[in-house]
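These are my notebook entries on a structure I went through at my desk. I looked up the overall build, then the helix packing, then a few single residues.

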Amino acid sequence: MSVGALLAEARAAAGRELADIARETRVPLRHLMAIEADDHQALPALPYALGFVKSFARALGLEPGLAVGLILV
């Protein structure tokens, strides 16, 4: 499973909207959308992208390391 699919599935299961997560995490909505779409080219430099994924995972109650591990595989 990709990181985007994992986060999108967890978000849907929690009944959360991307816009709400963007406000909560202060990660731009366009970047959250790119993460869910596994559009890594649309994300900024790797350190920022990893931080965004960690924040997204935490907001959903997921282990940030698991989500980041899916990117680095």
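**Entry 1: burial in α3.** Before looking at α3 I fixed my cut-off: I call a residue buried when its relative accessible area is under 20%. I also note at the outset that this is a predicted model. With that cut-off I find that the buried residues of α3 are His31, Leu32, Ala34, Ile35 and Glu36. I then asked what covers the buried residues of α3. The cover, as I list it, includes α1 (3-14), α2 and α4. Just after the end of α3, I see that aspartate 38 takes a positive phi of about 55°.

**Entry 2: the whole chain.** I stepped back to the full protein and counted five helices and zero strands, so that the order of elements from the N terminus reads α-α-α-α-α. The radius of gyration is 11 Å, close to the 11 Å that the globule rule gives for 73 residues, so I take the protein to be as compact as a globular protein of that length. Taken along the principal axes, the C-alpha atoms fill a box of roughly 25 × 20 × 15 Å. Of the 73 residues, 40% are buried. I also looked at how contacts are spread along the sequence: among those between residues at least 6 apart, 54% join residues at least 24 apart.

**Entry 3: α2 against α3.** How do the axes of α2 and α3 cross, and at roughly what angle? Helix α2 spans residues 18-25 and helix α3 spans residues 29-36, and I find that their axes come within 9 Å and cross at roughly 120°. That angle makes α2 oblique to α3, and I note the crossing as right-handed. On the α2 side the residues that meet α3 are Leu18, Ala19, Ile21 and Ala22, and on the α3 side they are Leu29, Leu32, Met33 and Glu36. Sorted by class, I have seven nonpolar residues, no polar ones and one charged residue in this contact.

**Entry 4: α2 against α4.** I made the corresponding check on α2 and α4, whose axes lie 10 Å apart and which pack at an angle of about 110°. The two helices are therefore roughly perpendicular to each other, and their crossing is right-handed. The contact draws on Leu18, Ile21, Glu24 and Thr25 from α2, and on Ser55, Phe56 and Ala59 from α4. By class, I record four nonpolar, two polar and one charged residues for this pair.

**Entry 5: glutamate 36.** Is this residue of α3 buried or exposed? Glutamate 36, which sits in helix α3, is buried, with a relative accessible area of 17%. Setting aside residues up to four places away in sequence, I find that glutamate 36 touches Gly4, Ala5, Leu7, Ala8, Arg11, Leu18 and Phe56.

**Entry 6: histidine 31.** I next looked at histidine 31, which also lies in helix α3 and which counts as buried at 10% relative accessibility. Leaving out its neighbours within four places in sequence, histidine 31 is in contact with Ala42, Leu43, Pro44 and Phe52.

**Entry 7: valine 53.** Valine 53 is found in helix α4, residues 46-59, and I find it buried, with a relative accessible area of 0%. Not counting residues up to four places away in sequence, valine 53 touches Val3, Leu7, Ile35, Ala67, Val68 and Ile71. I also took the distance from valine 53 to leucine 32, which is 21 residues away in sequence and 8.2 Å away in space, C-alpha to C-alpha.

**Entry 8: leucine 62.** Last, I turned to the loop between α4 and α5 (64-72), where leucine 62 lies. Leucine 62 counts as partly exposed, at 24% relative accessibility. Which residues is leucine 62 in contact with, leaving aside its neighbours within four places in sequence? I find Leu6, Leu7, Ala10 and Ala57. Leucine 62 and leucine 6 are 56 residues apart in sequence, and I have their C-alpha atoms 9.7 Å apart in space.

How values were computed:
Residues are numbered from 1 along each chain as its sequence is written. This is a predicted model: local features need pLDDT of at least 70, side-chain atom pairs count only at pLDDT 80 or more; totals for chains, interfaces and linings use all residues. Side-chain values use heavy atoms; hydrogens and water are left out. Axes are lines fitted to C-alpha atoms, for helices over the stretch in contact, and angles run from 0 to 180 degrees between N-to-C directions. Helices (H or I, at least four residues) and strands (E, at least two) are DSSP runs, numbered from the N terminus. Angles under 35 degrees count as roughly parallel, over 145 as roughly antiparallel, 65 to 115 as roughly perpendicular and the rest as oblique. A crossing is left-handed if the near helix is turned anticlockwise from the far one by less than a right angle, and right-handed if clockwise. Contact means heavy atoms within 4.5 Å. Ala, Val, Leu, Ile, Met, Phe, Trp, Tyr, Cys and Pro count as nonpolar, Asp, Glu, Lys and Arg as charged, and the others, Gly among them, as polar. The radius of gyration is taken over C-alpha atoms; the globule rule is 2.2 Å times the number of residues to the power 0.38. Buried means under 20% relative accessible area, exposed over 50%, partly exposed in between (1.4 Å probe, protein chains only).
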